[in-house]
Structures are given as C-alpha cells and as structure tokens.
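Below are some notes for a colleague who is opening this model. They are set out as numbered points, to be read beside the structure.

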Amino acid sequence: MSWVLAERKSYLGFVSCRRLSLSIAAKSLTSIRTLFELRSFKQFYSSSPLFADYICEDDEEKSLHVDLFYSKLLDNCTRFKDVAQVHAQVSKIGLQASNFTVTKVVHICSNLGRIQYARQLFEEFPQPNIFLWNAIIRGHSRHDLFKDALELYRKMQLRGVSPDGFTLPYVLKACSGLSAYEIGRRVHAQILLLGFETDVFVQNGLVAMYMKCGATHWARMVFDRLCDRTVVSWTSLLSGYAQNGDPLEALNVFYLMQLSDVKPDWIALVSILRAYTDVEGLGQGKSVHGFVVKAGFDSEPDLLIALTAMYAKCGEVFVAKCLFNQVPKPDVILWNAMISGYAKNGFADEAIELFRKMIASEARPDSVTLRSAILSCAQVGSLELGKWIDELVKVSDFNTDVFVNTALIDMYAKCGSLEHAHSVFDRIQNKDVVTWSALIMGYGLHGCGREAIKLFQDMKRSKVAPNDVTFVGLLSACNHSGLVEEGQKYFHSMKTDYGLEPRHQHYACMVDLLGRAGYLTEAYQFVESMPIKPEVTVWGALLSACKIHKNIKFGEYAAKQIFSLDRSNAGHYVQLSNLYASVGMWSEVARIRRKMKNARLAKPQGYSEIDVKGIRHSFRVGDKSHPKSEDIFGKLEELERKLKDAGFVPATESVLHDLNSEEKEESLCSHSERLAIAFGLISTEPVLPVGMLLIYSLDEGYGGLLLVNCHIYCTSSIV
DNA sequence: GTAGGGTTAG
C-alpha cells in the first residue's frame, strides 16, 4: 500500500524530508545503503520513517509505514552489526518501534546467536503481543536456555497472554531440554484445556517431550491418538525409543512407518541408523547407507556423522575413517564420533593421534572429546599422556565438569596413580554416585579394600545413594583384599538396605570372594542358590577358584556349565587345562589341548606393556628384541638372586606344559610381565610409580587368569 | 515465525 502512497506524495516529501533530517540521514545512509538495495534516493526517502512522519495523517498509518520500512531493511541484514544499527536508528529518529519490528529484530538476533541483545530489547518493550512473546521464548528455547524459556512462558501467562499453536512447541522443547516431566505434564493438561489436541505441531512436541523424559508409554499414547501423522511424528517416536535404549522397538516403528507409506527424510534416517548401530546391525546399517546415497542425502553433514558413528561403533573403523576423511573441516561432533569410535574399539593410539590432530586444527574439543581421549589413556595405561590431558582439562571450560573429572579418576587409578585419582576427586565440587564409585573401584583395583570401605562410608555420610556399580566396586575391593566377611555383609545389604537387586557381576564377585578364600563348597552352593541363571562369568569365577585350590570336582563341573553356555572362548579351555596341570593330570591337559585344536581355537599370544615417560614398551615371553634387553635380563637375574636369598620358591606347579622344573622356572622368570617390570625398574627413578602394566593375556605357562586386564602398580621399593 | 536428528555411558 505504502509504495503507491509514497509515489503519489513523493515530490513534496522529497524536498522537505531532506531539509528536516539532513544530519541524521547523512550519517546513517552510507551504511544503510549497503543493507538496502536502493533503486534511487527517491525511493529511499519515499519510504523512510521520517517521510512517513511527514506524510501520514494518523498514527496507525504512520506505524504501518515505519514497520514496512524496517522490515525491508531487516530482511537484508545478515550480520548482527547491521541489525543493531537498524534498530538503533528506530530510537534515534525518536519513533516507537512496533511489536512487528521488535519481533523481527528479536527473531533475527536470536538466529544470529545474540540472545542477550534480543532479551534486552524485549524487556524494554512495554506491551509485547503473542508474536513477540513467541519470538523471545523461541530464541531462548533454541539456545538451550530452557529455564529462561519456561520462566518467560510463565510471565507471559501472568500478563494475560494466552499461548497459541506456535508457543506450545517451543515450551515443550524447553521441557524436553530439562527433562522436566512434571512441568511437561502440566503443559499437556493446558494443551487439552486450550483445545490443541489436533494440532500436529503441538502433539509432535508432546511425543518428543515425553520421550526425552523417558515416559515412552505416554509418548506412544499421544502418538497413537494422532490422526495426521507426519514424518516428524514418526521420527519423534522412533528416535525416542532409540534414545531410551529400546532400539528394537525403534526399528519396529520404522517398519510400521514404511507400512503407512511415510517416506523417511534424512533426519528420520539418522535415528534409524542409530537404532541399527545399537543392535549392531552392521548389515542393515550398510543398506541404509545405500539408501542414503540413492536418495541423494549423502551430502547431509549430520547424516555423515551418523554413518561414521555407525561404522565406527560396529568396529569398521577403517570405513568410518574413510567417511571422516571426506569432510575437510569436521565439526566437533564428527571428531567425537571418530575419536570415540577408535577408543571404543581398542584403537587407543589412533584415538589419541586423532585427538592431537583435532587440537592442532581449528576445532575445539568438548566434554565428549575429552572423555574419549581420557578413556584411551586409561586403556593404554599411559600416565604421562593422562597427565597431559588433565592439564588440558584444567585450562578448558570443562575443569569442573563432573563427567570429565570422573573419567580422570578412573584413568589415574588405571594408570597406577591413586594419588592423582584422589586429588581429582578432592577438587570435584558436586560429586555424584559415579564419582564415588570410580574412586572406590580404583582403591579396589589397587588392593586397598579397607580404604574402599572407608570411602563407601564417607559416601553414605555425604548422602549420595550407592547404585549397583558402586557395589561392583565395593565387592571387588573386598575381593582383592580377601575381606570375606565384609563382602558378604555388603552383598546382603545391597538388597536389604538399598533395594538393589544383585546382578551377574555381583554374584561373580561373591563366588570369586568365597572361592579365593578357599570356601569352595560355599561358593558352589552360592551359585546353585542364585535366583537368576548363572552366566559364564559366575562359573568362570568358580573355575578359577578351583584352579587356585586344585579342586577337580567343582572345577570340572564349572567347566561343563561354561562349555554348555559358550564353546568358542579359548580362555576357558586354557583355564581348565591349567587346573589339570596344577595337579599333574597331564593326559587331561593333552586332551583339552586337542579339543582346542579341533575346535580351531587359537589363543592370542600374551604380552605385557609398560609406559615409561610416555612411551610404551611391549614384551612377549622370553622377548630379547628390546634394545635394552641385556640390562633387562641382568636386572631380572639380580632380582632372582635377591628373591631366592629372601626364601622365595617359584610356583612352578602351575606351568601348563609338562616341563622339567628348571625349564618351568625359566619360563616363569622370563614371563613378559617380569620383563616389563624389570625394564620399568631400570628406566625409572626409585620410589616413583613404574606405572601400569596391561596384561592382555597371561597364558604363557604362568599361573593366573587368562584374557583379563591386570593392573599392576609397583614401586622400586617393593623389590 | 512452529515440531523430529548426529558425538557420550564416567
């Protein structure tokens, strides 16, 4: 309307306007010209608010004119500077910005991430209408300022403004972000009262909200009542199940979605990929990949992340890396997908190398990246590397992040330094159950059962409720320290005092605890009385206890149970064979070895690693390939002499093969673990921790567990 | 001007 109007009156206004506003217009014109494609000065002046002021007869007409002018200007703003300048002009000229103009400014500012500026404008505005309320609530909700969004929503209603079909999805998003179930329920009630039960946008928001709160049944109910389900409704439901640990139901929804002839878009595919990842459906994941390419979605960056994560998590790290390499500038989440993929699949070196590359690039690691990197340090047992990341954490924004710091506790404990673990623990302000559990586990790992129990009591005093993981830590701590009575006491208190149902790990701990202490009959009876069907781990604990105490009867029984559950693990055969070897039943040993051979079960060769000054050194049994080999064997001989003088007799009876005692002794003495420790001793200062040894396999004719991670912490002063 | 998705599990 106003362009015509303006054209009509333009000549008269052109002259007057120039005269009236020369100083103001001249200042702002140069910069505004870049924002606003001017066809001519005439056109600019004919639409300027000053001109409107001049030509318009009533306020309403003038206001419309001003709105239109600023709307045109704002549409051309791509930078915050431009918006701020335009907005400043409104007040400079002395005209009251309208709801319309401010809404537009708020909208653009929040899209540009300048939510504080938007909020300030909003607060200064006297009478916001529903559009402006929606814009400001949306802005906060989109920037994860969920509490503020809900607070604004409350204020809006107090000021007598009723929500509409645009307000509610933002409010529900805020509830989702906070997992605020109770508030979400109240909003749901409001939705029903206000009559939005057929608004598909609002209903989709409800589905997503309930899913984020973990209330899958409510989400499903809302979904089932929906008449016109869009691809968003399906995706909300599907991804909700995937996020709530029910990938099978997610895939079932995907099936129903296909029956309903709803075509998945790329966002739906992301969730479908996640569900296939969680069920380790690499084959189906690959076919989704095929579909992605066919549908032309393969350039969607977020879908590429989901694909990378899928391949990485399913163990195809090389394929994942190929996808990763396609992206010239990966964002933090893509970096995380790749780094965590490496970390999860045991490619700790690759994970750390990629982490270094990330730091060298422009990308900034977040808490997820740091956790994956810390996990990798823990896996390789490198204290030096771990300290380096700790330093990075300290100067990052995540120095108070409880997740990151708990990962550090775990890492330090596994890398052999309880001191560092404890100092991280001390600096955490808001310790939660996992923080406590990590340190309890750490003490247990180092054989400090009493300290672990003391920590558990401190935890109770701090009013932090233990969970089942805490008890795994506590029971294994009792286990490593031979605290049978205490272990039994805590096992029973799990259920009676904390209402926690013991799981397989807890039963396995108890069997181990009883068995190691020599109470084999009790251990056996304990397994027989379990309310859940014993898993391999439980029988495995009994078998290894039988090996220690040379009990063939229970050992054979446990082995029988194990083989009925899993025939494919070489470790179990070796354990049974070791049991026979311990009592000299060599024909049985040979029989088991034949069985293994027939089943084509190969055992990985054992090796030990030690981290010295950030460099890892790997040893196999009798390994002479290390450059310092001579010194290592020299140190070993020295140690042996000292040990013999101290009255030590090697436990040769547990050597697997039927060797003579001299050979057995030699086999024991050049065990990879000994070589690693000897190297540690000659390469480090006395009394400093040698570090942690990760023993991937102890099957070198040396008694002990097979295929376990064994953490050894020693100081020179021990030997 | 509306809604759904990606990295994590210490």
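1. How far does a polar side-chain atom of asparagine 204 lie from a base nitrogen of DNA strand B? The distance is 2.9 Å. The model is a predicted one, and this distance, like the others below, should be read as a value computed from that prediction.

2. Two further polar side-chain contacts to DNA strand B can be listed. Aspartate 302 places a polar side-chain atom 2.3 Å from a base nitrogen of the strand. With serine 236, the partner is a sugar or linking oxygen of DNA strand B, and the polar side-chain atom lies 3.4 Å from that oxygen.

3. The surroundings of the strand come next. There are 45 residues around DNA strand B, and those that come nearest are Asn134, Trp266, Asp302, Asn336 and Val434. Of the strand's atoms that come within 4 Å of the protein, 44% belong to sugar and phosphate. Sorted by class, the residues of this surface are 20 nonpolar, 12 polar and 13 charged.

4. Which helix gives the most to the surface near DNA strand B? That is α14, a helix spanning residues 231-243, with six residues. The next two points deal with the packing of α14 against other helices.

5. One partner of α14 is α16, the helix of residues 266-278. The two axes are 9 Å apart and the packing angle is about 25 degrees, so α14 runs roughly parallel to α16. Their crossing is left-handed. On the α14 side the contact is made by Thr235, Leu238, Ser239, Ala242 and Gln243; on the α16 side Ile267, Ala268, Ser271, Ile272, Arg274 and Asp278 take part. By class, this contact has five nonpolar, four polar and two charged residues.

6. Another partner of α14 is α13, the helix of residues 216-225. Here the axes come within 11 Å and cross at roughly 165 degrees, which means that α13 is roughly antiparallel to α14. This crossing, too, is left-handed. From α13, the residues Thr216, Ala219, Arg220 and Phe223 meet Ser233, Trp234, Leu237 and Tyr241 of α14. The contact of α13 with α14 divides into five nonpolar residues, two polar and one charged.

7. A further helix pair is α17 (residues 282-294) with α18 (residues 301-313). Are α17 and α18 roughly parallel or roughly antiparallel to each other? Their axes cross at roughly 155 degrees and come within 10 Å. Angles over 145 degrees count as roughly antiparallel, and α17 and α18 are therefore roughly antiparallel. The handedness of the crossing of α17 and α18 is left.

8. The residues that join α17 and α18 can be named from both sides. Leu282, Gly285, Lys286, His289 and Val292 belong to α17, and they meet Leu303, Leu307, Met310 and Tyr311 of α18. In this contact six residues are nonpolar, two are polar and one is charged. Aspartate 302, which has a polar side-chain atom 2.3 Å from a base nitrogen of DNA strand B, falls within the residue range 301-313 of α18.

Definitions and conventions. Residues are numbered from 1 along each chain as its sequence is written. Chains are lettered from A and ligands numbered from 1 in the order in which they are written. This is a predicted model: local features need pLDDT of at least 70, side-chain atom pairs count only at pLDDT 80 or more; totals for chains, interfaces and linings use all residues. Side-chain values use heavy atoms; hydrogens and water are left out. A residue is near a molecule or strand if one of its heavy atoms lies within 4 Å of it. A polar contact is a pair of N or O atoms within 3.5 Å; within protein, one must be able to donate a hydrogen and the other to accept it, and residues adjacent in sequence count only if both atoms are side-chain atoms. Helices (H or I, at least four residues) and strands (E, at least two) are DSSP runs, numbered from the N terminus. Ala, Val, Leu, Ile, Met, Phe, Trp, Tyr, Cys and Pro count as nonpolar, Asp, Glu, Lys and Arg as charged, and the others, Gly among them, as polar. Axes are lines fitted to C-alpha atoms, for helices over the stretch in contact, and angles run from 0 to 180 degrees between N-to-C directions. Angles under 35 degrees count as roughly parallel, over 145 as roughly antiparallel, 65 to 115 as roughly perpendicular and the rest as oblique. A crossing is left-handed if the near helix is turned anticlockwise from the far one by less than a right angle, and right-handed if clockwise. Contact means heavy atoms within 4.5 Å.
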